[in-house]
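Dear colleague,

Please find below the structure that I am handing over to you. I would ask you to look through it first and then to read the notes that come after it.

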Amino acid sequence: MPPALPGLGFLLLLGWQGAAAAGTELCSSSPVDESAVCASVQSASQEQLLQVARGQRSPCSLTFGQLACAQGTWLQDLQDDFLISLYSCLASKPPTAVDPEYSTLFFSKYDAGKLLASLTLFSQQFSRVPLSLEWSLVLMNGLWERLLGVPGIETPPVLLQWLHRGLRALLEQPRIFGCLRAKDVSCEEFQLLVAALDGIYSQLPVEEQRNLYSGIKHFLTQDGSSQKCYSEADPALNSTSWFRNYLGSFLEHTTVEDLQLFGDEPTLQKFARDPVNMEMVGNLTLLRETALYYTLLLTSAPALPLASLPDRLICYLSPGAVRSLSREEALALAQRLGRSCPWSRGTPGRQVASSLLRELGDFSPAELRALGQAALGLSVSSIQRSLPEGRLEAALPALGRVRGWSAEQAAAIAERLLRSGYQILDGRSLAELGTLVGGLNSSTLRSLSPEVVLEAIQLPGFAQHVDLLPSALKRALVEKVSSRVDHPAELVKLIPNALASYIPKSLLVFGEEKPNVQDLNDKPWTRDQAAMFFADVVKAEPDFNRLSQSVLQGFTCAAASAVGAGRFQELAKAMRRKEVRLGQDQLSCLLKMVTLHGIPEDLDTYPKELLLFLSPSDYAGSCRQFFLRAGKANVDVLPREAPQRQQLLLEALECLGIPGTQINEEQAAVLGRLLCDLSGDHIRSSGGRLLEELSQCGSFLPEQEEAIRDVLSSGNTTFGPPAAWSALTLSQLGGLIPVLDHSILQQIPKKALGTWLRNFAWDSPLSREELAAVVAELLPRRHKRADAGCPRDLEITEAVLDDELMPAYYTPEELRACLRNVSLENRLSQILTYPFSIPQLAVLKEYLYERYPNGFPENLLSSLDPLLPLITPEEISTWKMSSADVLAAFLKSEPSDALASAAIKRYVELGNALNATALDAIGTRYVCLLNATELGAIPPASLRLVSLDPSACSQETKNLLYQKAKEAFSDQHRLPAYYELILPYLGGAPAADLKALSKDDVNMNISTFVTLRRESLMYLTPREVQGLLGVNLPQLAQWQSRAPVRDWILVQKQSELDQLHIGLTGGTQEGYINIVTPRFPALSSAPLGAVATAFPLLPALLLSLLVGFVLS
């Protein structure tokens, strides 16, 4: 007889949180007495079942008991989709005590092949819709017993078939693991189940892997035993391959705390050293803390030879494990580290390499070359003091192939190389530096001849490293190349992909030159760049499907004539296939063009975001189908406060028949991203049903955050109360963690917070500030005297400085005491990325001012982001802002307007020019802070190399920048791309220039039109406005009651407005005149405006005036 596989019920655990499953009384292993169970059931006839099978009778007309007690041969006539209908009937009411027995009887009579086919359809139908926990338990109770009789169920192929095809919907259910507990599953049976699950592990989403692991852990620890399924005295349970047998690949989700539940340390050491387990672990990616602990089990006494450790585990060696190695052993291990470990910031491999190399020093060129990525373990101090300058040059280009140098390391190596006499005379000598080019300052790079840079970027070895360079250096490289290349087609071909986005858009105007479409396709452009050549490309390329996503995103309404009205539907479908992300204005224009002859019936083949500008009545399908698609669109293309977006949600709620504020899982699945706009009342009333979807939203309104906190605090969710949360729970919360406030965080076990931070937090999208809020909950509550020294166990060592959780170990007072005799000179940029709290950051600021009383060094300004809330404009006035690169480095941190203004003022005070680098750093975010004097100092030519948008600035700023931009782009004003170049500055354009532009078929967006200079707008005729707006003219009607369109209408003749045929009213009638009076500007620099007052000209008045004139 095949082994019992009641462990199958464990699969239903998905989402199990470790508590005892509710409803276990709905699962039973007791045999069913059919005659006793069916004695009180009214029999169903074969004819009734046939009518159900033929669709002539509702499945709900028969009870579960009648189906279970029917003859088995009759059930075979049911269609394969019958289980779907049956579940819908059953789920409308709670199960009774006898339903589990009905389930056992019902499924026992099903043919195995037919049952598998039915379960497959059932799983497909409910793959995204959560099932009732109670009814899933009932159904599983019968399925379980039926599966035991399936031929070959004990073999992996058959078991896998049932797991993967037949039970996917049930696998989504949490807390059904209680069935496994009720069935008395043996360890041997469970081992078979784990082996089968391991076979599909790689096919499962990470969330399912984690939830299944929770079920495995629950089984292995449910009876309180610390060594479940292991006994040295039992031959059937004494295998030390325990990790392989009972966890398999799910070991990837095991925390240290979990391991310690599975066995005591001596037992775990046996398991860890088992060859089968070690081979498996060598192919897994363990949680960081688990990998450290596993490695410790291998290297603690009696330690295994380091050569026998799996490659992945040597990345987690402790400093003590490498302390007594000989020089040869240390170098060999370092080389192995270089080949085997990940080397992103904060990874343990760096710490191991640092421990290995710290004491060696005096490396030969051959040894430096052999280190590979392990060279990242070289400290800045050892580079500056222990590496002979001549040997560094001899170690090139190997050191230039190392990826991940910190700014301090690269600068230290580059400085020593140049000091030793290394000269950059040609492209090859620059390319040999590779990633170390990041250590050069931009002035050094700008001092090179363009020919050197041109030669270097054409060498494959150099091009593949430039993506790691700082923005200032990338910009400098592009400037050098563009200074020697006159044609945009040649520039596009020469510039490596990593530098493409740094090409000024004015240099991508092809004019009469024909673009090479394939070269453009191969580059990752920004939307503004692609807009410059989009019209040229669509003229040159007959098949839009051959255009890349990067090129297609450059579509603008101004290019409509280049596309041609007949090809817009083809263009839109190509955009859908390439998943092009478009903005609001682009989508609005695209929709107008594809619906010129009516709304297409095949809207499903167009970009989903177009639906956001339509209503369900425009859609060929049902309103439900409409919102199912619209909910998958990127709703953020519309501002949250946009009436269209708010109306969409209202229509969706009406379509789904949601009169109140409660939303179920099925409705939530239809709403999709529209859920992100639900009110706090909807979130609160729907309980935990919306949390998973809400975690995908990028941001929340305050009322939404409060509602989410209320739901989570209640404990009535699958996560349970915060006091019972684990590290896995926090990982599942994902995007909701920033919503948690102190009242919730303080309830979460500190052990769970610590485990989450060590294993999951660094891979999450949380910001440093958001992580700092969590770390603050782990801070020790001890208080120390102000004059107390640093406790011995808190001394700041190299290992502490490498630990991203360093903030969790120190109160502010302890941090102050322990920093007194520590040099952070070469660690500051790294340390300031750690999630320190504001009080701790204040201590770090004190430390910096003690070390640098005369102002911070320039190389530190780019790392000050965390300290910005503590810095004042007065402090900035003392800084050294000696170059545009320094200003750019500081503004990259996005300081407040007050701090940015102080930095710009300091930069200019020191005699620095507002050149292209400075303007690019100032950008749209800060351009409005410039005063008239600073604006006047901007060379017009600099605007050719930057992209600014002063539309939010004062009118004076817009006027000044428009004139400079007009001069900058004067040689391109006859080209179609001129409009895209001058577009950001049009808010300062005089009327004469707008009148000229109205003849160029630019299809101006209404959002641009309403921000035009008011006095210029007043002088435009309706015909000129029509010329400017083109296909966007109908949108003018939506603005006729709002300024400035309302003011413009008042000074127009109604007869001319009527000729636009868009329903504008409010213009002057025949027989009226407009008297234009000046409207004096406020002191803010607003322009002179014009207001119109209409007076009726009465004949009597005219006559009296005429008579008076004659008599006089």
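The notes below go from the whole protein to single residues.

**The model as a whole**

Please bear in mind that this is a predicted model. The protein has 1112 residues, and 52% of them count as buried. Its secondary structure consists of 66 helices and two strands. Taken along the principal axes, the C-alpha atoms fill a box of roughly 125 × 85 × 60 Å. The surface that the protein exposes comes to about 48000 Å², of which carbon and sulfur atoms supply 52%.

Two further values describe the whole protein. If one takes the contacts between residues at least 6 apart in sequence, 71% of them join residues at least 24 apart. There are 97 positive and 120 negative charges, and the mean positions of these two groups are 3 Å apart.

**Confidence**

How far does the confidence reach 70 or more across the residues? The mean pLDDT is 86, and 91% of the residues reach 70 or more. Confidence is highest in helix α35 (residues 549-552), at a mean of 97, and lowest in strand β2 (residues 1089-1096), at a mean of 40. Over residues 1-23 the pLDDT is below 50, and this stretch has 92 contacts in the model beyond near neighbours in sequence. Residues 1076-1112 also have a pLDDT that stays under 50, and for them the model has 44 contacts beyond four places in sequence. Please keep these two stretches in mind when you view the model.

**Asn-521**

Asn-521 is found in helix α33, which covers residues 517-521. Is this residue, Asn-521, buried or exposed? Asn-521 is buried, because its relative accessible area is 12% and the cut-off for buried is under 20%. Leaving aside neighbours within four places in sequence, Asn-521 is in contact with Arg-546, Leu-547, Ser-548 and Val-551. With Arg-546 there is a particular approach to note: a polar atom of the Asn-521 side chain lies 2.7 Å from the backbone oxygen of Arg-546.

**Two cis peptide bonds**

Where are the two prolines that follow a cis peptide bond? One such bond joins Ala-301 and Pro-302, with omega about -10°. Pro-302 is placed in the loop between α18 (288-299) and α19 (311-314). Another runs from Ala-1043 to Pro-1044, with omega near 0°. Pro-1044 lies in the loop between α63 (1022-1029) and α64 (1045-1050).

**Two residues with positive phi**

Asn-1003 is not a glycine, yet its phi is positive, near 50°. This residue, Asn-1003, sits in the loop between α60 (991-997) and α61 (1006-1009). His-1061 likewise has a positive phi, of about 60°, although it is not a glycine. The loop that holds His-1061 runs between α65 (1054-1058) and β1 (1072-1079).

Which of the words buried and exposed applies to Asn-1003, and which to His-1061? With a relative accessible area of 5%, Asn-1003 falls under the 20% cut-off and is therefore buried. His-1061 has a relative accessible area of 71%, which is over 50%, so His-1061 is exposed.

With kind regards

Technical notes
Residues numbered from 1 in each chain as written. Predicted model: local features only at pLDDT ≥ 70, side-chain atom pairs only at ≥ 80, totals over all residues. Heavy atoms only, no water. Helix = DSSP H or I, 4+ residues; strand = E, 2+ residues; numbered from the N terminus. Buried < 20%, exposed > 50% of the residue type's maximum accessible area, 1.4 Å probe, protein only. Polar contact = N/O pair within 3.5 Å; in protein donor to acceptor, adjacent residues only side chain to side chain. Contact = heavy atoms within 4.5 Å. Areas by Shrake-Rupley, 256 points an atom, 1.4 Å probe, with all protein chains shown as cover. Lys, Arg positive; Asp, Glu negative; His and termini not counted. Charge placed at Lys NZ, Arg CZ, Asp CG, Glu CD. pLDDT = per-residue confidence, 0-100.
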